[in-house]
Amino acid sequence: MVEQSARAKAGSVAGAARPRSARGEGDQLRKEILAAVNRLLGHWGGIERLTMRAVAREVGVAAPSIYLHFTDKAELVWAALEDKYADLAARMHAADSASAELGPRERLRAQVHAYCRFALDNPGHYRLLFEVPQPAVAQGRINRHPSRHVSAGLRTAFDRCLREGFTPTLPVEQAALTLWSGLHGNIALNHALPQSAPMGDLILQVADGLVDSLVPDPPADGAVRPQAAETAASRRIRAMLTGLAGQDAGQDTNSG
């Protein structure tokens, strides 16, 4: 069986029971559960076959033990991938900080390049994070998805551009999602279509075009370009970020 192969690769024995955790060792079981989820996701390349029972078998515990730490499959998958999203966000933040003297638009560009390089250098991780469908959740939970670490960095960079004279052509929330969508589409095409040569340079060049179109040069006469007006899309994105999606997406709320 595939699951047995996954356990064998991890050095475990199929069907072997895990010794019961001693009092106070619940954190160790949680770590073992997350490690098992990552092994199974890596082996299967998706979540379709991932169940609480499959994870329990991989760890060597009864399924109720999994529910003591995770309420459902979505929480389990999100927790398992959290460190990978955090790694990507940390790389983007480091690139942003290293470019602090170059101005707000170049700091955004540095984040974008770090995002693209992560995808190029870690295609397997990138596919798990952004190309493999994840469990559906209620709209009010979407803002707790670990990808929030990535999108928050982009919004911060766009907001900085707005404050320092590089006015985005779209409201901050919509500009960030538009840029992220463009980057992902560029990378997904690279993953899906046949290539005759490495495409890393082209991916970065397309990414640069996205940045420049969303954050153009300030007017030559030194005038301040007016801030982009709110749109239906920006209000809906803000509602998602605050966990209010599904209530009144048209209501103007403050993002937290």
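From the N terminus on, the elements of this protein chain run α-α-α-α-α-α-α-α-α-α-α. The model is a predicted one, so let's work through it in a few exercises.

**Exercise 1. Take stock of the fold: how many helices and strands does the protein chain have, and what share of its residues count as buried?**

Solution. Start with the elements: the protein chain has 11 helices and zero strands. Next, turn to burial: 41% of the 256 residues count as buried. Finally, look at the contacts between residues at least 6 apart in sequence; 67% of these join residues at least 24 apart.

**Exercise 2. Work out how H9 and H10 are oriented to each other, and which residues make their contact.**

Solution. First, find the two helices: H9 covers residues 172-192 and H10 covers residues 200-214. Their axes lie 10 Å apart, at an angle of about 165°. Angles over 145 degrees count as roughly antiparallel, and H9 and H10 are therefore roughly antiparallel to each other. The crossing of the pair is right-handed.

Now list the residues in the contact. H9 brings Ala175, Thr178, Leu179, Gly182, Leu183, Asn186, Ile187 and Asn190. H10 answers with Ile203, Val206, Ala207, Leu210, Val211 and Leu214. Sorted by class, the contact of H9 with H10 holds 10 nonpolar residues, four polar and no charged.

**Exercise 3. Do the same for H9 and H11: which residues make the contact, and how does it divide by class?**

Solution. Begin with the geometry. H11 spans residues 232-241, and its axis is 8 Å from that of H9, at an angle of about 85°. Since 65 to 115 degrees counts as roughly perpendicular, that makes H9 roughly perpendicular to H11. From H9 come Glu173, Gln174 and Leu177, and from H11 come Ala233, Ser234, Ile237, Arg238 and Leu241. By class, the contact of H9 with H11 has four nonpolar, two polar and two charged residues.

**Exercise 4. Zoom in on Gln174 and Glu230: is each one buried or partly exposed?**

Solution. Take Gln174 of helix H9. Its relative accessibility is 15%; buried means under 20%, so Gln174 counts as buried. Leaving out residues up to four places away in sequence, Gln174 touches Thr231, Ala233, Ser234 and Ile237.

Then move to Glu230, in the loop between H10 and H11. At 36% relative accessibility, Glu230 counts as partly exposed. With residues up to four places away again left out, Glu230 touches Pro171, Arg235 and Arg238. Glu230 and Val172 are 58 residues apart in sequence, yet their C-alpha atoms are 9.3 Å apart.

**Exercise 5. Explore the largest nonpolar core: which of its residues touch the most other members?**

Solution. The core has 61 residues, and those touching the most other members are Ile33, Val55, Ile66, Leu108, Tyr115, Phe158 and Leu179. Helix H5 (residues 73-98) gives the largest share of this core, 10 residues. Now follow one of these residues, Ile66: beyond its neighbours within four places in sequence, Ile66 is in contact with Ile33, Met52, Val55, Ala56, Val61 and Leu76.

**Exercise 6. Describe the surroundings of Leu41: is this residue buried or exposed, and what does it contact?**

Solution. Place Leu41 in helix H2 (residues 26-44). Leu41 has a relative accessible area of 2%, so it is buried. Setting aside neighbours within four places in sequence, its contacts are Gly46, Ile47, Leu50, Leu81 and Leu128. As a last step, locate Ala80: its C-alpha atom is 9.4 Å from that of Leu41, although 39 residues separate the two along the chain.

Key: Residues numbered from 1 in each chain as written. Predicted model: local features only at pLDDT ≥ 70, side-chain atom pairs only at ≥ 80, totals over all residues. Heavy atoms only, no water. Axes fitted to C-alpha atoms, helices over the stretch in contact; angles between N-to-C directions. Helix = DSSP H or I, 4+ residues; strand = E, 2+ residues; numbered from the N terminus. Parallel < 35°, antiparallel > 145°, perpendicular 65-115°, else oblique. Left-handed = near helix turned anticlockwise from the far one by under 90°. Contact = heavy atoms within 4.5 Å. Nonpolar A, V, L, I, M, F, W, Y, C, P; charged D, E, K, R; others polar. Core = buried A, V, L, I, M, F, W, Y, C linked by side-chain atoms within 4.5 Å. Buried < 20%, exposed > 50% of the residue type's maximum accessible area, 1.4 Å probe, protein only.
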